[in-house]
Every structure is written in structure tokens, then in C-alpha cells.
Amino acid sequence: MQKLRIVFAGTPGVAVPSLERLAASGHDLVGAVTRQPAPLGRKRVLTPSPVAQAAARLDVPVIEANRLDADVTARIAGLAPDLGVIVAYGGLVREPLLSTPVHGWINLHFSLLPAWRGAAPVQRSLIAGDAVAGASVFRLVAELDAGDVYAELRHELQGDETAGELLGQLAGSGAELLSGVVDAIAGGSARAVPQQGEPSFAPKLTIDDARLDWSRGATEIRDRFRGVTPEPGAWTTIEEQRVKVLDLVPAGDGAPSLAPGELVVSARRVLVGTGSTPLELRRVQPAGRPAMDAGDWWRGSGRSSAAAR
């Protein structure tokens, strides 16, 4: 098997397992491209990306850039890569960079392509109520997430996982899938097949996507909550105050009948009405305050009833 010189591109924490797996693979990881430090926390401290931090720990040279422009292309070309690998970098790879590595670029994408092409595949899949998720490794082409697929894995959903939890699971299993494809390319046995079926698309979530509409059915609301947790974070307004919803579960049998958005306490549980059956608020974060148990928040508000919108 040929020993490949690999350049990696990725930014968030979900890309780190793939970086670590490649670093341990026996191939030469010659560089890691990641986005520039971003302001984080209440004090907005400039912080290197998770991939930059992991690459430094692994002693992999880092290129920090928010755009893969001519300068970055030249720097990558100077590394003489055999293969480019990208996992959630956050920017487009265009020519001539697309053709710079000898074997081109491959991408680990967290969906079963052609489903959910785009920036938020896991989130959009959960919001849509999909029963199965997955990951695909495909050849990068100019069209968004449209290249031929080398390998995929399927992940049966339990119906209660959040986007953050599912991404964590797929990041680990996807790293192994990716490593297998890299080895197959190195050994000359890799085969990619065209994507089959009509594509669906997964644009980046906005804060408006995270607002819960209590007129919808309980299952649809719960799926949206799962898809937007932890980012950008589910929210609603209660008495004209924004409240972040951190934990939301079915109320179960015996819950009272409630109008959509109606909030009450029943058997020490904070319940909210929907277009079908009630849901239970377990943990919330009012604007400008720390996260707290929903019961504590309700008792501290002094309300006997309220409405969420």
C-alpha cells in the first residue's frame, strides 16, 4: 500500500476524530487547514479552532484561513499532497485547489447522500423526522456535495438523540469509515459510485429555525428541538420574554388537555400545550440568566399560568 501525503481541512470538534485517526494511520499528515481563531465566550476571547488545537497537539503544521484563496492554494501545493481530506471545514474548495492533490479531495459528510447536501445535514435530518441517519465519504467536485460516493454507513435513530449527540456518534464512526477509504485509495482498490436519487438540501440553521411553534404537533416540535440542540438552541417567548429550551420531552399518559402554548404545572411538572399532546419542559434558560430546572424557574416566576409563543 502506498504511503500517502495527506492534507486535512476541518474546523469544529466533529472533525477532530478524523484528524486523529489519520494522524495514527501510518500515512503522512503533512498539514491541517482550518478557519482562523474566532471570538468565544462572554469575553469574546480569540480562540483557535478545535482542529487547530488538535493539530498542534499532534505536531501537524497548521494553515489558518477563512478562505481557500490563491495564497492558501500555493501553501497547500507546497506540501505536495497526494490526497486532500475535508471534514466540516466551513468553506468551498474550488479549482485549481480541487485538482492540486494527486488523488484530488475526499469529503466525510454526515448524511446518506444525496440526502441533506449542505452545511447542516444532521440538524435538518432530525428536524425532518428521519428514522435513519448516516455518513458518506465522497469525491469532492465543484457542485455542492455531489461527487461519487466511496463508502457510507447507516445509523438507526432512537428518536430522542439531539443533533449534538448524533454528530458526536457519527464523528467517531465516520472517522473509521474515512480511514478505510484513504487506505483503499492508497492501495488502488477504491471505487466510487454516482449518487442515486433526488437530492435534498441542508442550509445552515438560523436563529429563526430554532423557534418552537406550539401550534404544531408534539412530535414535530420535539423533532425540531432535537435538530437545533445545542446550536443554535431551541427557544420560545413567554410573557414577551425569550426563554431557551434546554430539555423537552413528551408529557406521557395522564397529562391534561392544553391549548397550544398554554403553560401549567401538573404533578410538579411544567407542561406546555401543542397542536396535539402536551410536552414537558424540564430545563430552561431565561434571557440573561443561567440554565435552571424548569420547575425552579416556574416557582420563581410566581405565575399560576402563562402562554408560550
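## Gln123 in helix 4

A residue is called buried when its relative accessible area is under 20%. In this predicted model, Gln123 has a relative accessible area of 16% and is therefore buried. The residue belongs to helix 4, which spans residues 121–127.

When residues up to four places away in sequence are not counted, Gln123 touches Ala163, Leu167, Leu205 and Gly227.

## Thr237 and its surroundings

Thr237 is located in strand 10, residues 235–238. Its relative accessible area is 18%, so Thr237 is also classed as buried. Apart from neighbours within four places in sequence, the contacts of Thr237 are Arg211, Arg242, Ala307, Ala308 and Arg309. A separation of 10.0 Å is found between the C-alpha atoms of Thr237 and Ala287, which stand 50 residues apart along the chain.

Arg242, one of the contacts of Thr237, also takes part in an arrangement with an aromatic ring. Its charged end sits over the ring of Trp235, at 3.7 Å from the ring centre.

## Aromatic pairing

A pair of aromatic rings is described by the distance of the centres and the angle of the planes. The structure contains 1 aromatic pair. The partners are Trp297 and Trp298, in an edge-to-face arrangement with 5.9 Å from centre to centre and 70° between the planes. Both Trp297 and Trp298 are buried.

## A nonpolar surface patch

On the surface, a nonpolar patch is formed by Leu92, Leu144 and Phe201, and together these residues have about 300 Å² of accessible area.

Phe201 lies in the loop that runs between helix 5 (163–187) and helix 6 (218–227). Is Phe201 buried, partly exposed or exposed? The residue counts as partly exposed because its relative accessibility is 47%, and the partly exposed class lies between 20% and 50%.

## Cis peptide bonds before proline

Most residues other than glycine have a negative phi, and most peptide bonds are trans. Two departures from the trans form are described here, beginning with the peptide bond from Thr229 to Pro230, which is cis with omega near 10°. The bond that joins Glu231 and Pro232 is likewise cis, and its omega is about 0°.

Where do these prolines lie in the chain? Pro230 is in the loop between helix 6 and strand 10. Pro232 is found in the loop between helix 6 and strand 10 as well.

## Positive phi at non-glycine residues

Asp145 is not a glycine, yet its phi is positive, at about 50°. The residue is placed in the loop between strand 8 (132–139) and strand 9 (149–156). With a relative accessibility of 8%, Asp145 counts as buried, because the class covers values under 20%.

Glu240 also has a positive phi, of about 70°, although it is not a glycine. This residue occupies the loop between strand 10 and strand 11 (241–250). Is Glu240 buried or exposed? Its relative accessible area is 77%, and Glu240 is therefore exposed, since that class begins over 50%. Asp145 and Glu240 thus each combine a positive phi with a loop position, but Asp145 is buried, whereas Glu240 is exposed.

Methods: Residues are numbered from 1 along each chain as its sequence is written. This is a predicted model: local features need pLDDT of at least 70, side-chain atom pairs count only at pLDDT 80 or more; totals for chains, interfaces and linings use all residues. Side-chain values use heavy atoms; hydrogens and water are left out. Patches are made of residues with over 30% relative accessible area and no salt bridge: like charges are joined within 9 Å, nonpolar side chains (Val, Leu, Ile, Met, Phe, Trp, Tyr) within 5 Å. Accessible areas come from the Shrake-Rupley method with a 1.4 Å probe; for residues, only the protein chains shown count as cover. A salt bridge is a side-chain nitrogen of Lys or Arg within 4 Å of a carboxyl oxygen of Asp or Glu. Helices (H or I, at least four residues) and strands (E, at least two) are DSSP runs, numbered from the N terminus. Buried means under 20% relative accessible area, exposed over 50%, partly exposed in between (1.4 Å probe, protein chains only). Rings of Phe, Tyr and Trp (its six-membered ring) pair if their centres lie within 6.5 Å; planes under 30 degrees apart count as stacked, over 60 as edge-to-face and the rest as tilted. A charge sits over a ring if NZ of Lys or CZ of Arg is within 6 Å of the ring centre and within 35 degrees of the ring normal. Contact means heavy atoms within 4.5 Å.
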